[in-house]
Amino acid sequence: MIEKFFLGTYTKRVSKGIYSVLLDIEKKQFSNLTLEAEIENPTYLALNADRSLLAAVSKEESGGITVFNTQQAETLTKISHYHDTTAVPCYIAFNKESNHLLAANYHEGHVSSYQFDAAVTLADRVIHPSLEDKQPHVHYTNYTPDEKWIVVCDLGSDLVATYQQDGEKLQRVATYYSRKGAGPRHLAFHPTLPIAYVICELNASIEVLAYDVETGSFTFIEQYLLTTEEQQAWGGAIHLTKDGKFLYASNRGYDRIYVFQIQEDTGLLTFVADYDTYGSVPRDFHLSEDERFIVIGHQESDNLTLYERDSKTGTLTLCQKDFFAPEVVCVIPS
């Protein structure tokens, strides 16, 4: 059995754009690195619900997003783009029902929503204000699991904002403030409990939050650090297993991936183990479709690492660590 992954990259050194790679499930090895689309700085990617469309943040003459068809040719076929910002966004997400898109722009501190119907058009944009000595750096935006709300992580302002989409307009309905200086980066929801987990970049921590489905608000429960005083703090990616039993997170300052068991009744975390990622700056990783494997991409060492996962204990076994893939900052199964 073969599983395909798309790779988003920087194009600062050797990368040319969006790549794909194949994972041989039986051999437990990668093969066939393929340049799918030559485009500048497609650092984050997202697929729509039926996986017929792939959206990428990107740069042409300016920053914005590009949408590709995944099924018309052997490689990606460009359909439409919308570029109107100075800086390239850093995160993108599809609405599962409507093919609307969301994008977070770190450097310009805003969240944008887009309509997509054969072509991409801007629907609304909200610029986060400066707060005292803090500058906004919006790093993540996505829909809640029921798509009732839109959640935004603002790393620079130490906050998680909840928006409601009223027609095409975004209206803020709640704001959660993280621990001071934490820098919330990405967020993941528990599949069954009203709990969310925020990985914070600046102190390499995970904040466990109670999530109110009715109001879209979050409340702090507990914090877990991914570092000691001797280790560099630089939080990366966070993912939960579909059964809600395990959480995985990366610290790209220390080049490690961490495993936590999730308590069934409370959603709180118990540390299981941490592992070397065998590369430099593990900015992103993803579980395979059957969650038997974890694919880790490295921004600076240009390699993928493959771990096999024990579904009962959450522990990892190294399968491969030296497969070339340039400047990887996003990994998603196709």
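The lining of the largest pocket is where I shall begin; by class, it has 27 nonpolar, 11 polar and eight charged residues. Please keep in mind that we are looking at a predicted model. The volume of this largest pocket is about 1,500 Å³. Its lining consists of 46 residues, and the closest to the centre are Tyr 91, Lys 96, Asn 142, His 239 and His 286. Several strands give two or more residues to this lining, among them strand 4 (45-47), strand 8 (91-94), strand 12 (138-143) and strand 28 (328-333).

Let us turn to the second largest pocket, which holds about 360 Å³ of space. Which residues lie nearest its centre? They are Tyr 10, Val 88, Cys 90, His 107 and Arg 283, out of 18 lining residues. By class, this lining has six nonpolar, five polar and seven charged residues. Tyr 10 also takes part in another contact: Lys 12 lies over the face of its ring, at 4.2 Å from the ring centre. A similar description applies to Arg 179, which lies over the face of Phe 220 at 3.8 Å from the ring centre.

My next topic is the aromatic rings. A pair of aromatic rings is described by the distance of the centres and the angle of the planes. The count in this model comes to 10 aromatic pairs. One of them joins Tyr 82 and Tyr 114 in an edge-to-face arrangement, with 5.7 Å centre to centre and 65 degrees between the planes. Because Tyr 82 lies in strand 7 (residues 77-85) and Tyr 114 in strand 10 (residues 110-116), this pair ties together parts that are 32 residues apart in sequence. Are these two tyrosines buried or exposed? Tyr 82 counts as partly exposed, at 24% relative accessibility, whereas Tyr 114 is buried, at 2%.

Another edge-to-face pair is formed by Phe 260 and Phe 271, with 5.8 Å between centres and 70 degrees between planes. Phe 260 belongs to strand 22 (residues 256-262) and Phe 271 to strand 23 (residues 269-276), so the pair ties together parts that are 11 residues apart in sequence. Phe 260 is buried, with 3% relative accessibility, while Phe 271 is partly exposed, with 45%. In addition, Tyr 44, Tyr 91 and Tyr 140 form one aromatic cluster. Tyr 91 has already appeared in this talk, among the residues closest to the centre of the largest pocket.

Finally, I come to charged side chains. Side chains of opposite charge can pair when their charged atoms come close. The structure holds 14 salt bridges. In one of them, Asp 302 and Arg 13 meet at 2.8 Å, N to O. Asp 302 sits in the loop between strand 25 (293-297) and strand 26 (303-309), and Arg 13 in the loop between strand 1 (2-9) and strand 2 (17-24), so the bridge ties together parts that are 289 residues apart in sequence. Asp 302 is buried, at 12% relative accessible area, and Arg 13 is partly exposed, at 42%.

Lys 28 and Glu 308 also form a salt bridge, with their closest N and O atoms 2.9 Å apart. How many residues separate these two partners along the chain? They are 280 residues apart, Lys 28 being in the loop between strand 2 and strand 3 (29-38) and Glu 308 in strand 26. A further bridge joins Glu 289 and Arg 51, at 2.9 Å from N to O. This pair links parts of the chain that are 238 residues apart. Lastly, salt bridges that share partners join Lys 28, Arg 292 and Glu 308 into one network.

Note on methods
Residues are numbered from 1 along each chain as its sequence is written. This is a predicted model: local features need pLDDT of at least 70, side-chain atom pairs count only at pLDDT 80 or more; totals for chains, interfaces and linings use all residues. Side-chain values use heavy atoms; hydrogens and water are left out. On a 1 Å grid over the protein atoms alone, a cavity is a set of points where a 1.4 Å probe fits but cannot get out, and a pocket is an open set with protein on both sides within 12 Å along at least five of seven lines; lining residues have an atom within 4 Å of a point. Grid points are joined across faces, edges and corners, and a volume is the space filled by probe spheres set on the points. Helices (H or I, at least four residues) and strands (E, at least two) are DSSP runs, numbered from the N terminus. Ala, Val, Leu, Ile, Met, Phe, Trp, Tyr, Cys and Pro count as nonpolar, Asp, Glu, Lys and Arg as charged, and the others, Gly among them, as polar. Rings of Phe, Tyr and Trp (its six-membered ring) pair if their centres lie within 6.5 Å; planes under 30 degrees apart count as stacked, over 60 as edge-to-face and the rest as tilted. Buried means under 20% relative accessible area, exposed over 50%, partly exposed in between (1.4 Å probe, protein chains only). A charge sits over a ring if NZ of Lys or CZ of Arg is within 6 Å of the ring centre and within 35 degrees of the ring normal. A salt bridge is a side-chain nitrogen of Lys or Arg within 4 Å of a carboxyl oxygen of Asp or Glu.
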